[in-house]
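Welcome! Let us take a walk through this protein together, one part at a time.

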Amino acid sequence: MKIKEVILRHLKLDLLHPFTTSFGTEYDREFILVEVISDNGISGWAESVAMLDPLYNEETLKSNWHILEDYLIPILLKNKIQHPDELSEKYFSYIRGNYMAKAALEGAVWDLYARKQNLSLSKALGGNKKKIEVGVSIGIQDSVDVTLEMIESRLKEGYKRFKLKIKPGWDVELIDKVRKVYPDIPLMADANSAYTLKDIDQLVALDDYDLMMIEQPLAYNDIIDHADLQAKLKTPICLDESIHSLEDAWKAIKLGSCKIINIKVGRVGGLTESRKIHDLCQEHGIPLWCGGMLESGIGRAHNIAITSLPNFVLPGDTAASSLYWAEDIIDPEVTVENGMITVPSSPGIGYKPNLTNIDKYTVYSETYR
Ligand SMILES: O=C(O)CCC(=O)c1ccccc1C(=O)O
Ligand SMILES: [Mg+2]
């Protein structure tokens with residue numbers, strides 16, 4: 001494959017509803033959309049999941065743009081590649097970190113590669129599921145009653161798992177009240193690193209509510225304290241922020257830092273690395289699910305493709321486009337029926353980028369040749 005052109009677009013989409021986590025509130029989503037164009041004029045698409053501010057992790061939209069423009073795109077334009085695996089394994093490996101930037105460009109090349117092979121991205125990655133189960137991530141609300149209303153709506157829509165964002169002061173009481181109304185729903189909590197081991201009492205109190213898992217309770221870069229905490233809980237810990245690579249996943253498994261891993265393609269540097277982590281976790285009996293980063297339809301399509309691999313056995317966070325956006329930038333948009341998404345079978349990501357909407361929401365773009 002020879003790439004002759006790369007287009008970076010900075011898009012801004014308004015969220016239909018603000019999304020609050022322990023680290024802040026998002027009202028809109030600004031992100032980089034990546035289009036790679038081959039010498040015979042075929043495009044591949046992906047998005048960077050880096051946010052505007054370094055609150056989830058250290059990457060930002062600007063840091064991603066810099067790494068893409070000054071390092072990754074020049075490498076891609078200079079080299080002829082046979083397979084997208086070569087990017088993380090060979091060409092990008094000397095550049096430290098910056099996983100979301102790497103994943104964005106690699107993802108676009110994966111889409112292009114799959115299109116050229118006339119395969120769906122799911123098939124190109126080795127996925128075997130025709131449908132995937134999805135859950136929903138519910139942000140911190142103004143009151144427990146509002147949270148209960150949100151759960152009720154999503155339950156009626158068929159979502160398979162309910163994730164509530166928690167933080168100190170919005171945790172045990174919330175879960176207790178939700179469990180009283182919904183004793184049996186698949187329920188979990190995501191703290192986005194809002195606790196330390198000093199808060200062990202609250203975390204142990206959550207152990208009484210039959211949660212599917214507690215996601216990333218401790219520091220964003222920790223796997224040691226999580227191992228101590230996991231030893232004290234029967235509820236599985238799921239790591240999100242702490243896992244950036246196959247190596248991190250291996251260390252967390254070895255230390256007993258978690259019993260479940262949430263894979264975000266961006267956080268681990270791309271689809272190739274995601275697949276390696278998938279295989280490792282499968283060998284070690286660690287169930288996976290695919291996390292979300294409030295993606296547009298393009299990122300959502302990538303999430304659907306990776307979730308079609310067999311060890312993604314738990315419902316992920318890739319909910320319907322209509323929960324996030326007034327209109328999406330793909331056709332058709334992502335829809336959920338009875339908590340399931342049908343994995344598209346057409347070539348590449350399987351959804352058509354909507355160029356009219358992409359133009360409408362682009363605030364800035366640049367072309368590299
Ligand atoms: O609906 C989604 O896309 C998932 C939302 C979500 O939970 C999230 C959104 C932004 C940053 C981090 C997270 C997270 O999973 O921790
Ligand atoms: Mg999370």
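**Where two domains meet**

In this predicted model, 41 residues of domain 1 are in contact with 38 residues of domain 2. To find the two partners along the chain, look for domain 1 at 3-118 + 353-368 and for domain 2 at 123-349. Their centres, taken over C-alpha atoms, are 22 Å apart.

Which elements give two or more residues to the side of domain 1 that touches domain 2? They are the strands E1 (3-21), E2 (24-38) and E3 (43-47), together with the helices H2 (85-91), H3 (99-116) and H12 (355-361). Helix H3 provides the largest share of this side, with 11 residues. Sorted by class, the side of domain 1 that touches domain 2 holds 21 nonpolar, 12 polar and 8 charged residues.

Now turn to the strands. Strands of a sheet pair through backbone hydrogen bonds, in either a parallel or an antiparallel way. Here you can trace an open sheet of 4 strands in the order E3-E2-E1-E15, and the pairing is antiparallel. E3 and E15 (362-368) are the edge strands, each pairing on one side only. On average, neighbouring strands of this sheet are turned by 20° against each other, direction ignored. For a closer look, follow E2 and E3, which pair in the antiparallel sense over 5 bridges. Val36 has Gly44, in E3, as its bridge partner.

Finally, add the helices that cross these strands. Helix H1 (residues 61-78) lies across E1, E2 and E15, and runs at about 155° to E1. Helix H11 (residues 297-307) lies across E2 and E3, and its direction is at about 95° to E3.

How values were computed
Residues numbered from 1 in each chain as written. Chains lettered and ligands numbered in written order. Predicted model: local features only at pLDDT ≥ 70, side-chain atom pairs only at ≥ 80, totals over all residues. Domains from an automatic or database assignment. Contact = placed C-beta atoms within 7 Å. Nonpolar A, V, L, I, M, F, W, Y, C, P; charged D, E, K, R; others polar. Pairing = 2+ DSSP bridges. Axes fitted to C-alpha atoms, helices over the stretch in contact; angles between N-to-C directions.
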